[in-house]
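Hi,

Here is the structure I said I would pass along. Have a look at it first, and then read on for what turned up.

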Amino acid sequence: MQSTDLGSKESGKIWHRKPSPATRDGFNLVQRTTQACTALAFNLHRKSEFLVALADYSIKCFDTVTKELVSWMRGHESSVFSISVHGSGRYAITTSSDTAQLWDLDTFQRKRKLNILQSVGIQKVFFLPFSNTILSCFKDNSIFAWECDTLVCKYQLPAPPESSNILYKVFAVTRDGRILAAGGKSNHIHLWCLEAKQLFRIIQMPTKVRAIRHLEFLPDSFDAGSNQVLGVLSQDGIMRFINIQTCKLLFEIGSLDDGISSSVISPHGRYIASIMENGSLNIYSVQTLTKEINKPPPPLVKVIEDLPKKKGNSGDLKVKVTSGRVQRPAKSRESKIQTRILKQDLTGSFEKKENELSDGLNKKRLQILLKGYGEFPTKYRMFIWRSLLQLPENHTAFSNLIDKGIHVAFLNLQKKYPIRSRKLLRVLQRTLSALAHWSTIFSDTPYLPLLAFPFVKLFQNNQLICFEVVATLIINWCQHWFEYFPNPPINILSMIENVLAFHDKELLQHFINHDVTSQLYAWPLLETVFSEVLTREEWLKLFDNVFSNHPSFLLMTVVAYNVCSRAPLLNCKRKDDFEYFFHHRNNLDISAVIREVYRLLDTTPTDIHPDNMLDAFVALTKGQYPVFNQYPKFIVDYQTQERERIRNDELDYLRERQAVEDMQAEVDQQRVEDEAWYQKQELLRRAEETRREILLQEEEKMIQQRQRLAAVRRELKVKEMHLQDVARRRLLQLQQDQREMELRRLDDEIERKVRMRDGEIAATAKDLEMRHLELESQKRLYEKNLSRNQEAVAKEMRENADAYRQKADLEEHMFHRLIGTDQTQNQKIHKLIEENLAKAEQACLNTDWRIQALHKQRCSDLHRNECYQEIAKLLRKNRKKEMEVLNAMMEGEAKKWEEAEEKDFHLKSEKKTAALSDASRRWFLEKEIHDAQHPCDKVSLNQRKMHWDAMEQDLMERVRNLRQRLATQAQNRCQTPHLLAT
C-alpha cells in the first residue's frame, strides 16, 4: 500500500493501485478554519460547494474552485454532529443534541427549526435518499417520518421489541429508501422495512462486537438501489461488511492494531475512505476487496474423473460428494500422497473440445438434456445461459461504458416506448446507451429497443449480464444484419425465403400472390426476437434451444413458425391481416415449432442451408469487448453527421424560439406595466384636478370669511394647515398653490401696513410743517435752516419707518418661513435654514432704528410677540407629533437660529450704540449752531435738551429690556428640541 504525507502540502496527487494508469485523483487545500470540524456534507446543488460544521456551532459553505467562503450560517447552540443534504442538493438538515434546523441552500436562510424537550434528545435527523421524506430519530428509540414540503408527520415506526434492549445511536438507509438499519451499544442490528413500517430482521454480530459506532450501506451500480451489503464499524476499530440477506461476513477492513475511527463510502461504491485512529487517511478499493465475492457461482454439474492407478491404495483417499459441489479429497494421515486429476481421453477430437464449456458443463449433454425435457430447469436457466454464451463478465469495460452516461439517441426513449416501470426504463436506457457507446451503429438502429427489451426485462437486476447477452446475440445470431443498413437484412431474408420455398412452396406462393414479402412475414419476428408473438414461458423455452444450437437455428425458427401457422396464414387475404398476425400472439404450440426447427435443420439441402453462410458461435473476448464494425461505415457516419447537424439546428431553433418568447414576454410585461402606469397617472391627474377645485373653493370661502369673521381666523388657519398637510402628502402641486395663496395674503397685509405707515408719516409731516409755520416769524436763516432740518428729519423718519417696516416684515416672514419648514419635506430643511440665515443677515443690515420711533414700535412689538407666542404654542404641539421624523434636523435648526439671533443681537446693539452716538453728536452740533445764531431761544433749547435726555434714558432702558427679551427667546428656542424629545 502506498502512502502520502498530506500535512505539509496544500495540493498534490493521491496514488493508488488501479488497472488503468490514467488517474485523476488529487487533493487541494480549500480553507484553514483554525478550529475543529465536526461534520461535512457534499453533493450540493452547485457541485463545487460543500458544507462544514465547526466547533463554534456555525456552518460554513466553501467553494472548491474559488476556495472562498460562500456563506456563513448560525443558529445552533451546541455542536453540530450531522449534516444531511436533500437529493436535489437544494436543502440541508443540520442536527445537534438539542435541535435540528432545515436550511435553504439557494439563499442560505433557515426555513424551519425542530425544538424538543431536554429530556428527549436527538440522535439524528436526515433525508431519505431520492425522496421528500425526513426521518427523525430520538434518544428514546422513537422514529418519525415527515413530509419535507409541508412538515406533516407521515408515520411513526413502532417501538422495538422489549426483548431487544438496545438504544439506537447509528442509522443507515438503502439508496432506494426501503430498508433502515439501526444499531447502538449492542451487537444486534435492527432492519426496518419502511414500506411495511415494521421490524423484519435482527442481525447478531460476532460476540467480540460489543458496540456499533457507524453503519453504511455499500452502493452497487447493478442493484437498482436495493443495497445488500452493510458496513458495520464496531468498537474494536474493525469495519465488517455483511450481506443482510444471507447474513454472511464478506470482508473487513482495519485491525486491532490499526483501528478505524470513522469511515465513508463513495456514492458509486468504488472506494472507501477511512480515518484511522493514528490520524492517517486510508482509501480502499472496493473492487479489490470484493474480488473473491464477484467470482461466478460454482458449476452445478461436476464430473468425477478417474485417477491414474499408482502406488496408493483406494483407502488412502476419502471423497465426499455433496449436491451442487465436489469437494477436494481428504488425504490420509499415514502417508503423504500427491494427487493429480487427469482429464478423460478425448481421442484428439476437436469437436468434443468445443463442447466443453468453461464452467465444466458439456454442451452436447446439455443439448441431449434439452431435447429430452424440452427446456432447461427454471432455477438453473440463467446459469446455463451464461455458460453456453461464455460471458466474460468484463466489469471494468462495462463500467467504462456506463460511466459515459445516457446516449443522446436514447434521452427521449420514454416518449417512443412508454414503459410503466421507471426502473425497467432506466435499465433499458443504460443498456442501449452502453451498446451505442460500444458501436456507433446501434445509436441509429431503430429496432434495437425491441431486440433488447426481453433480455432487459429478464436481467434487469444484473445489467452487466444483460449487456453481454445482448452483445453476444448481436455478434452471433444477428450476423450480416447490418450489411444493408439502414434497410432490413435482405441477404438474411433471402436465406429464409429460400428455405421456405424448399419446404412449403404453396405458402410462399400464397405470400407472393398477396404481395407479402419476407419483410412482413420474417423481419417482424427477427427484430423482436419473437417477444411479440410468444409468452414469457414460450420465449424462454425457445431461447433455451436458440442458445444451445448454431446461430442458424434462429433463422430456421422463423421458417418453422410460418410452416406451423400455414393454415391460418392461407386463410388471410388482406395485407393488414398478415401484419396483425406477425405482431400479435397466436394459438401455436411452441414445442411443435421447436420440433419443426430441428426437422428443417436436418432436411434442408446444403446449398441453401444457413449453416454454410453463417459463422460458428464466437464468445465475447475477456477484458475488453471486441470491435463491432460489420456495417457500411460511410452510411452510418453520414447518418450520424446528418442527425447531429439536425439536432444542432433544432437546438439553435429552440434557443432562438425561447429567446423570442422571452423577448415577447418582456414586451408584453412592459406593455402591461406601461398601461397600468398610465392608468395610475390618469387617476392621479383626475384626483389632482378634483382636489385643486376643492382647494380653490375652500380658498374662496376662506377669503369671504376672513373679511367678516376676524375672530375665527386662527381656527380657520388650523383647518387650512390640516388641509394643506393632507394635500401635501398626496400631491406636491397642491402645496405650491397653498404657498401662492399665503403669499397673496401676506402681500395684502404688507400693503395695508404700508398704507398705515404712510398715513402716520404724512401726519407727522403736517405737524412738523405747523411747527415750521410758528417759527416763521424768526429770522429767514433760521427758518431756512429749520425747514431744511425738518425735511431731513422727515426723510430720516421715512427711512426709519421703512427700515422698521422691513424689519417687522422680515421677522414675520422669518417666522412664517419657520412654520413652513414644519410643513415641507425634510430634504428642503437645510435650504430653508440657509435662506432664513441669509434673510436674517440682510435684516441685520436694515435694522437701523431711530430713538424717536422706539416708543411707537414697542406696542407693535408686544402685540406681535403675543401673536408669536400663541403661534409658537401651536407650533410646539405640531412638533411633538412630528418629533420622531424631524428631531435631528430641529437640533441643527435651533443651533442655526441661536447663532443668527446672537449675531442679530450684536448687530442691533452696535447699531443702537452708533445711532445714539450719532444722535448725541448731531444734537450737540445743532445746539451749538442754534446757540450761536439764536441766543434768545436758549430757554426753549434747554427744554428740548431736557426732553432729549429723558428720551435717551428711556431708550437705554428699552434697549436693555430688548436685550433681555432676545436672550430669553434664544434660551427658549434652544430648549425647544429637548422638550419635544421628551
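Below is what I found, going from the whole chain down to two local spots.

First things first: this is a predicted model. The protein chain has 982 residues, and 40% of them are buried. Its secondary structure adds up to 26 helices and 29 strands. If you take the contacts between residues at least 6 apart in sequence, 57% of them link residues at least 24 apart. As for the outside, the chain has an accessible surface of about 58400 Å², with carbon and sulfur atoms accounting for 52% of that.

Now for the spot I'd open in the viewer straight away, E527. You'll find E527 in helix α13, which covers residues 523-527. This glutamate is buried, yet it has no salt bridge. So where is the nearest side chain of opposite charge? That would be K416, and it is 9.7 Å away. What E527 does touch, once you set aside its neighbours within four places in sequence, is Y447, L450 and L451.

The other spot is on the surface. I275, L281 and I283 together make a nonpolar patch there of about 250 Å². Of these, I283 belongs to strand β25, residues 281-285. Is I283 buried or exposed? Neither, as it happens: its relative accessibility is 37%, so it counts as partly exposed, given that buried means under 20% and exposed means over 50%.

That's the lot from me. Shout if you'd like to go through it together.

Cheers

How values were computed
Residues are numbered from 1 along each chain as its sequence is written. This is a predicted model: local features need pLDDT of at least 70, side-chain atom pairs count only at pLDDT 80 or more; totals for chains, interfaces and linings use all residues. Side-chain values use heavy atoms; hydrogens and water are left out. Helices (H or I, at least four residues) and strands (E, at least two) are DSSP runs, numbered from the N terminus. Buried means under 20% relative accessible area, exposed over 50%, partly exposed in between (1.4 Å probe, protein chains only). Contact means heavy atoms within 4.5 Å. Accessible areas come from the Shrake-Rupley method with a 1.4 Å probe; for residues, only the protein chains shown count as cover. Lys and Arg count as positive and Asp and Glu as negative; His and the chain ends are not counted. A salt bridge is a side-chain nitrogen of Lys or Arg within 4 Å of a carboxyl oxygen of Asp or Glu. Patches are made of residues with over 30% relative accessible area and no salt bridge: like charges are joined within 9 Å, nonpolar side chains (Val, Leu, Ile, Met, Phe, Trp, Tyr) within 5 Å.
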